[in-house]
Amino acid sequence: MKEQLNAIKLNAEQELNHISSIQALENVRVKYLGKKGELTSVLRGMGSLSPEERPVIGQLANQIRSYLEEKIENAKEVLLKKEKQEKLQREVIDVTMPGKRRYLGKKHPLSIVLDEIKEIFIGMGFEIAEGPEVELDYYNFEALNIPKNHPARDAQDTFYVNENIVLRTQTSPVQIRVMEKQKPPIRVISPGRVYRSDAVDATHSPVFHQVEGLVVDKNVTMGDLKGTLEAFAKRLYGEEAKVRFRPHHFPFTEPSAEVDVSCFVCGGSGCRVCKGEGWIEILGAGMVHPKVLKNCSIDPEEYSGFAFGMGLERIVMRRFNIDDLRLFFENDMRFLGQF
Ligand code: DAH
């Protein structure tokens with residue numbers, strides 16, 4: 001039995017010398033010292049020993065047990081230290097390495113110009129109004145004096161959600177929503193996305209942006225409209241900018257006009273940007289139709305108003321000399337980084 005014990009000690013020692021992980025160490029401990037371990041099973045056999053031998057063997061077994069326990073404890077400490085050392089080595093940070101340069105975000109060109117437009121109108125006492133992009137047919141068409149089967153509907157290829165709901169084709173429905181909620185005096189602009197079922201090309205996109213304007217008060221005249229738009233054009237394009245009104249037709253204004261601004265590149269003599277015209281169309285406008293006022297329970301005998309609507313993309317394209325509208329929506333950093 002003595003030999004058995006010594007053999008256990010020797011074997012355990014040998015295994016412990018080659019241990020390389022905490023798990024392997026635990027396996028060795030269980031193998032020799034565990035409840036079903038080799039040392040334990042030898043001790044179980046002590047019953048068959050003579051009373052003289054028993055204490056001798058018992059002492060030896062206990063000696064070996066504490067000897068192995070200590071060895072295992074030591075090995076564990078060494079292993080833990082080594083593991084920690086390796087971990088520190090792995091996670092070492094070289095604080096002298098150069099940092100990674102991050103992209104600085106930039107304003108989208110549409111936002112740059114829209115912010116300018118907002119600033120100009122806020123400076124003239126306008127407020128910003130918003131409306132939903134998924135809109136009732138009533139607001140997008142009906143209340144704006146565009147009944148079902150009106151030819152103006154065909155000109156705006158509409159995305160219908162169902163018979164009564166559309167993706168708004170213009171920001172004009174916000175006029176109605178504002179007038180329903182607010183008593184005059186009203187001075188709002190309403191920028192936002194609009195949708196039309198157009199095929200994508202360099203000048204068309206099924207989603208684009210408009211900025212709507214609406215003023216309603218007592219004694220508002222066409223002169224106020226001209227003055228407002230002229231002040232706007234001079235702030236946006238420079239003091240030399242002139243505006244010109246051409247007669248036009250919109251169902252929701254009477255009279256209606258298309259408004260041109262003198263070419264900001266050639267000043268009116270004709271160039272590539274204005275296609276030799278000297279003038280560039282920037283928006284549609286007019287005096288709010290009495291029917292539209294009535295639809296919003298505003299008395300056209302007491303109040304009058306003007307409205308206008310401009311396409312943002314075209315204004316921004318001319319400003320930055322961008323010849324393809326798709327660039328606005330592709331989010332190519334090489335494009336966006338230029339502004
Ligand atoms: N909603 C028109 C369009 O999308 C633009 C417009 C024209 C808006 C005249 C107006 C306006 O408010 O008075 O073509």
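**View 1. The shell around the ligand, sorted by residue class.** The shell around the ligand is made up of 9 polar, 5 nonpolar and 2 charged residues. In this count, Ala, Val, Leu, Ile, Met, Phe, Trp, Tyr, Cys and Pro are nonpolar, Asp, Glu, Lys and Arg are charged, and the others, Gly among them, are polar. This is a predicted model, where local features need pLDDT of at least 70, side-chain atom pairs count only at pLDDT 80 or more, and totals for chains, interfaces and linings use all residues. Residue numbers run from 1 along each chain as its sequence is written, and side-chain values use heavy atoms, with hydrogens and water left out. Altogether 16 residues surround the ligand (a residue is near it if one of its heavy atoms lies within 4 Å). The closest are Gln170, Ser172, Arg196, Gln210 and Glu212.

**View 2. Polar atoms facing the ligand.** Look for glutamate 212 here: an N or O atom in its side chain sits 2.6 Å from an oxygen atom of the ligand. The backbone joins in too, with an N or O atom of alanine 307 at 3.2 Å from a ligand oxygen. Phenylalanine 308 also has a backbone N or O atom 3.3 Å from an oxygen atom of the ligand. Of the 350 Å² that the ligand exposes when taken alone, the protein buries 90%. These accessible areas come from the Shrake-Rupley method with a 1.4 Å probe; for residues, only the protein chains shown count as cover. Strand 5 (207–217), strand 8 (279–288) and strand 9 (304–311) are the elements that give two or more residues to the shell. Helices (H or I, at least four residues) and strands (E, at least two) are DSSP runs, numbered from the N terminus.

**View 3. Aspartate 260 and its partners.** You'll find aspartate 260 in strand 7. Its relative accessibility is 2%, so it counts as buried; the cut-offs are under 20% relative accessible area for buried, over 50% for exposed, and partly exposed in between (1.4 Å probe, protein chains only). The side chain of aspartate 260 makes a polar contact of 2.8 Å with the side chain of arginine 246. A polar contact is a pair of N or O atoms within 3.5 Å; within protein, one must be able to donate a hydrogen and the other to accept it, and residues adjacent in sequence count only if both atoms are side-chain atoms. Skipping residues up to four places away in sequence, aspartate 260 touches several others, including Lys242, Arg244, Trp279 and Glu281. Contact means heavy atoms within 4.5 Å.

**View 4. Valine 265 in its loop.** Valine 265 belongs to the loop between strand 7 (253–262) and strand 8. Setting aside neighbours within four places in sequence, valine 265 is in contact with Cys271 and Val273. Arginine 318 is 53 residues from valine 265 in sequence, yet their C-alpha atoms are 9.4 Å apart in space.

**View 5. Lysine 148 between two helices.** The loop between helix 6 (137–140) and helix 7 (151–155) holds lysine 148. With 41% relative accessibility, lysine 148 counts as partly exposed. Apart from neighbours within four places in sequence, lysine 148 is in contact with Asp137, Glu142 and Arg153. Lysine 148 and aspartate 137 are 11 residues apart in sequence, and 9.4 Å separates their C-alpha atoms.
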